[in-house]
Amino acid sequence: MQESTASLKERIREATQEASSRIRDAIREATTGLIDRDQLAELMILGAVAQEHLLVVGPPGTAKSAVVRRVAQSLGGQYFEYLLGRFTEPSELFGPVNLTKLREGSVETDIAGMLPEAEIAFLDEVFLGSTAILNTLLGVLNERQFKRGHTRVKCPLRICVGAANGLPEDEGLAAFADRFLLHVFVEPVPDPRLEDLLEGGWQVNHRPVAARADLSSLDILNRAVPLVNMAEVRGDLAQAIRQLRQANVLLSDRRIVKAQQLIAAATVLAGRQVASRADLWPLVYVIPTAAGQRNAREVLRDLLAQARHPLLQAVVEEAVQQPLARITRLAETADSLLTNTESEDFQKSAEALLREIDANFVKAELPAELEERRTQLIAALETD
Amino acid sequence: MTVLEWRANEHAPSPAGLIASAGIARQLLHKLQTLAADELSHLSVVASRDLLVLMGPPELLPWLDGVQYCAPHPQARDLWLPTHTGPALSCDLVQAALARRLGTQALLLLNEPEQIIPLADAAYLSADLLLWLLQELE
């Protein structure tokens, strides 16, 4: 047992390194042309590694389905998508009853190509489903088991993304919403980025998504989640929950316990086996309401100040909303540009990056990680 | 004299304008001359005695070492501020106080040195306007 754990750890270390760059490529591939939606794509990856589900709340037309579809395509898994309505029949999601078997007296469902076979699922307007649909869905989401009539199937579902325009007020539906551990709130693209939205939207419609990673990489990472050493971070997590409770941001015990799954997944995706304060940021997305998440960012400001992630940069930036969280992404983009100064669009990309650096930091307070890279970019522009 | 207390922004907005001091205004104008006429028409400019403020979509705002970027505050659209900082006071209160003194109009509030620049009379850029501004800087 000891040996197999050690060998698994070694395989995980290798797989993490290999998966990291592929997953970053997959996120880039999925979000190219989609403005301000990296956060959503990265949360999907975190959810898939933790095998926890994601609820996306936002007005219609905010590219929710486009991001999920494109991430699924770039990960290459079996994908199922459905827009639920009040009159949606269970068979539209789970498959029709097999009539041949019914004649023989057995109620079995023909699930080929339907939700029970999906590896990644997207359910739009998820709260509009009937009681029959939501009850069956609970089993699929919680236990990853599809049970209907005589059919009992183990579901290969890695992540289900539900989308809605708002959180439900009905108690029964709120309990269903609680099954999505990650909650994210998306807004329409802000005014200054409308030009980018138009240009990006045009490109997205004309460019198919290529598969850049695969679900087996995510599965190896998922197997590493229970092996993460959480001892160091547990005290900080408990303190964070106390601070949230004092600020009247309440979390159910179930969500508190399950938050550890996300923290461990973030640790694994960062290529580490010991969770630290830098990995506490997923806690923000466990808070179910938008107001609660805003409060949590304020209340946990000191604790979240150390949040960093080499892969999931946009989502960390959004979670902590502090300039320091942006440093990793800006530095990585600078490094990537500096390795390719001969490229055609170097000048445009370098100037855009310098613009972003200067918009975030005054020169005198530029962090050391960025100061040197900024100088190198300027030098490269001058010789260009 | 500084009247307001200023704090670094936790979340810098995307730039919607830039501020160039007199020292680099000429360099900025020369850079703008490389833009096509239809790109120029998306940009507008306000010039004060020692500053030039250029507004427009972020991708058309040139990068130059030493310029500062600005944007309207999301909750107070008539109040433009440097992207990296803002008043510690609530911005809608600051906007209301400025509107009482100066009327309702777009205003740029700068921190160092603290000053207010009205943006209402911004002129759309053209090749002719660029030439005129360059001559004025002679």
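**Exercise 1. State how many helices and strands chain A has, and describe its burial, contacts and surface.**

Step 1. The secondary structure of chain A amounts to 18 helices and seven strands; helices (H or I, at least four residues) and strands (E, at least two) are DSSP runs, numbered from the N terminus. The model is predicted: local features need pLDDT of at least 70, side-chain atom pairs count only at pLDDT 80 or more, and totals for chains, interfaces and linings use all residues. Residues are numbered from 1 along each chain as its sequence is written, chains are lettered from A and ligands numbered from 1 in the order in which they are written, and side-chain values use heavy atoms, with hydrogens and water left out.

Step 2. Of the 384 residues in chain A, 50% are buried. Buried means under 20% relative accessible area, exposed over 50%, and partly exposed in between (1.4 Å probe, protein chains only).

Step 3. Consider contacts (heavy atoms within 4.5 Å). Where the two residues in chain A are at least 6 apart in sequence, 75% of the contacts join residues at least 24 apart.

Step 4. Chain A has an accessible surface of about 17,600 Å², and 50% of this belongs to carbon and sulfur atoms. Accessible areas come from the Shrake-Rupley method with a 1.4 Å probe; for residues, only the protein chains shown count as cover.

**Exercise 2. Give the corresponding description of chain B, including the pattern along its sequence.**

Step 1. Chain B contains four helices and 10 strands. Along the sequence, these follow the pattern β-β-α-α-β-β-β-β-β-α-β-β-β-α.

Step 2. Buried residues account for 45% of the 138 residues of chain B. Among contacts between residues at least 6 apart in the sequence of chain B, 65% link residues at least 24 apart.

Step 3. The exposed area of chain B is about 7,100 Å², with 53% supplied by carbon and sulfur atoms.

**Exercise 3. Determine how helices α2 and α15 of chain A pack.**

Step 1. Two packed helices are described by the angle between their axes and the distance between the axes. Axes are lines fitted to C-alpha atoms, for helices over the stretch in contact, and angles run from 0 to 180 degrees between N-to-C directions.

Step 2. Helix α2 (residues 38-50) of chain A packs on helix α15 (residues 313-320) of chain A at about 105 degrees, and the axes are 7 Å apart. α2(A) is therefore roughly perpendicular to α15(A). Angles under 35 degrees count as roughly parallel, over 145 as roughly antiparallel, 65 to 115 as roughly perpendicular and the rest as oblique.

Step 3. From α2(A), D38(A), Q39(A), E42(A) and L43(A) meet Q313(A), A314(A), V315(A) and E318(A) of α15(A). By class, this contact of α2(A) with α15(A) comprises three nonpolar, two polar and three charged residues. Ala, Val, Leu, Ile, Met, Phe, Trp, Tyr, Cys and Pro count as nonpolar, Asp, Glu, Lys and Arg as charged, and the others, Gly among them, as polar.

**Exercise 4. Characterise the packing of α17 and α18 in chain A.**

Step 1. Helices α17 (residues 346-360) and α18 (residues 368-383) of chain A pack at about 145 degrees, with axes 10 Å apart.

Step 2. The crossing of α17(A) and α18(A) is left-handed. A crossing is left-handed if the near helix is turned anticlockwise from the far one by less than a right angle, and right-handed if clockwise.

Step 3. Among the contact residues are F346(A), L353(A) and I357(A) of α17(A), and R374(A), L377(A) and L381(A) of α18(A). The contact of α17(A) with α18(A) has nine nonpolar, one polar and three charged residues.

**Exercise 5. Describe the contact of α1 with α4 in chain B, and place A22(B).**

Step 1. The axes of α1 (residues 22-32) and α4 (residues 127-137) of chain B come within 10 Å and cross at roughly 160 degrees. The two helices, α1(B) and α4(B), are therefore roughly antiparallel, and their crossing is left-handed.

Step 2. A25(B), R26(B), L29(B), H30(B) and L32(B) of α1(B) meet L130(B), L133(B), L134(B) and L137(B) of α4(B). Seven of the residues in this contact of α1(B) with α4(B) are nonpolar, one is polar and one is charged.

Step 3. A22(B) also belongs to helix α1 of chain B. A22(B) counts as partly exposed, at 43% relative accessibility.

**Exercise 6. Locate the cis peptide bond of E112(B) and P113(B) and the positive phi of N248(A).**

Step 1. The cis peptide bond joins E112(B) and P113(B), with omega about -10 degrees. P113(B) lies in the loop between β8 (107-111) and β9 (114-118) of chain B.

Step 2. N248(A), which is not a glycine, has a positive phi of about 65 degrees. N248(A) occupies the loop between α10 (231-246) and α11 (253-269) of chain A and is exposed, with a relative accessible area of 62%.
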